[in-house]
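Here are my notes on this one, written as I went through it. Have the viewer open while you read.

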Amino acid sequence: QNEVGFYSGIRFRTDFGVFNIYYDQFKFPIASSTYNFSSSGNDIMIYYTNKIFTNTELRLKFKNETKDFVESIGTERGLVKRSQQNYRAELYYKVAKNLQLRTRIEYVYLTSTKIEPEESGYLVLQDIKYTPIQNLNIYARYIFFSTDSYNSRIYQFENDVIGVMTNPALYGEGMRWYVLARYSTKFGLNISLKYS
């Protein structure tokens, strides 16, 4: 698929939590139909988890990606490097046997180029998972987000009905929420319903 790269990852446990680190160096050697340049980039991610209390887990994530973009200056087109940093803090806690909560704050920052200014955005998310009776799970999520443009969009996977995957790109200013119910019957039929 016109990509050559080197990927390396490491995972190690300490008394202070678990660290997952990876580094990816990539290159697209053949020019695409969009532009007549080969391009390259790299990204590094550090993901840290720690069970700070019996029912509470802290999750921290940092990702830095640098890659080439095409920019037009007058009649000339060329490649410029642009970096994006994502910072995420997440708290997962089990309030009761049948109630779990997750709170996430995410911030994204894009460096400026010759044409494009620097950009940033943030997202605040609250998840609720409630199991009122056996085999019935109810999920709810509330999200507030604000980004400078589509370039600083933030993705987030959603729980969904069986067979559907939702990963919307959130940008601009707004709020998004959904409620999802899943029920598994004793005779193998699964029923799910979502409103968003």
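1. A working definition first: two strands count as paired if DSSP finds at least two bridges between them. Keep in mind that this is a predicted model. With that in place, start at the N-terminal end, where Thr 14 has Gly 17 of S2 as its bridge partner. Strands S1 and S2 (residues 17-28) are antiparallel and joined by eleven bridges, and they make a hairpin with two residues between them.

2. Is S1 tucked away or in the open? Strand S1 covers residues 4-14, and of its eleven residues the number buried is zero, so S1 lies largely in the open.

3. Carry on along the sheet. S2 pairs with strand S3 (residues 39-53), again antiparallel, over eleven bridges; Tyr 22 has Met 45 in S3 as its bridge partner. S3 in turn is joined to S4 by eleven bridges, and these two run antiparallel. Look for Asp 43, which stands opposite Glu 65 in S4. The connection from S3 to S4 is a hairpin through two residues.

4. Next, the loop between strand S4 (56-73) and strand S5 (76-96), where you'll find Gly 74. Gly 74 has 72% relative accessibility and so counts as exposed, the cut-off for that being over 50%. For a sense of scale, try the distance from Gly 74 to Asn 98: they are 24 residues apart along the chain, and their C-alpha atoms are separated by 60 Å.

5. Which residues make up the largest nonpolar core? There are eight: Val 108, Leu 110, Leu 123, Leu 125, Ile 143, Phe 145, Ile 154 and Leu 170. Strands S6 (99-110), S7 (119-133) and S8 (136-147) each give two or more residues to this core. As background, nonpolar side chains in soluble globular proteins tend to be buried together.

6. Val 108 is worth a click. Leaving out residues up to four places away in sequence, Val 108 touches Gln 84, Gln 85, Asn 86, Glu 119, Ser 120, Gly 121, Ser 152 and Ile 154. Ile 154 on that list is also one of the core residues.

7. Now the surface. A nonpolar patch with about 1100 Å² of accessible area together is formed by Tyr 87, Ile 105, Tyr 107, Tyr 122, Val 124, Tyr 142, Phe 144, Met 175, Trp 177, Val 179 and Tyr 195. S6, S7, S8 and strand S11 (173-184) are the elements that give two or more residues to the patch, and S11 has the largest share, three residues. Bear in mind that side chains in a regular strand alternate between the two faces of the sheet.

8. Two patch members to inspect are Ile 105 and Tyr 142. Ile 105 sits in strand S6 and, apart from neighbours within four places in sequence, is in contact with Tyr 87, Arg 88, Ala 89 and Leu 123. The C-alpha atoms of Ile 105 and Leu 125 are separated by 6.5 Å, although the two are 20 residues apart along the chain. Tyr 142 belongs to strand S8 and is partly exposed, with a relative accessible area of 37%.

9. One backbone point to check: Asn 135, in the loop between S7 and S8. Phi of Asn 135 is near 75°, a positive value in a residue other than glycine. Most residues other than glycine have a negative phi. Asn 135 counts as partly exposed, at 34% relative accessibility.

How values were computed
Residues are numbered from 1 along each chain as its sequence is written. This is a predicted model: local features need pLDDT of at least 70, side-chain atom pairs count only at pLDDT 80 or more; totals for chains, interfaces and linings use all residues. Side-chain values use heavy atoms; hydrogens and water are left out. A nonpolar core is a set of buried Ala, Val, Leu, Ile, Met, Phe, Trp, Tyr and Cys residues joined through side-chain atoms within 4.5 Å. Buried means under 20% relative accessible area, exposed over 50%, partly exposed in between (1.4 Å probe, protein chains only). Helices (H or I, at least four residues) and strands (E, at least two) are DSSP runs, numbered from the N terminus. Contact means heavy atoms within 4.5 Å. Patches are made of residues with over 30% relative accessible area and no salt bridge: like charges are joined within 9 Å, nonpolar side chains (Val, Leu, Ile, Met, Phe, Trp, Tyr) within 5 Å. Accessible areas come from the Shrake-Rupley method with a 1.4 Å probe; for residues, only the protein chains shown count as cover. A salt bridge is a side-chain nitrogen of Lys or Arg within 4 Å of a carboxyl oxygen of Asp or Glu.
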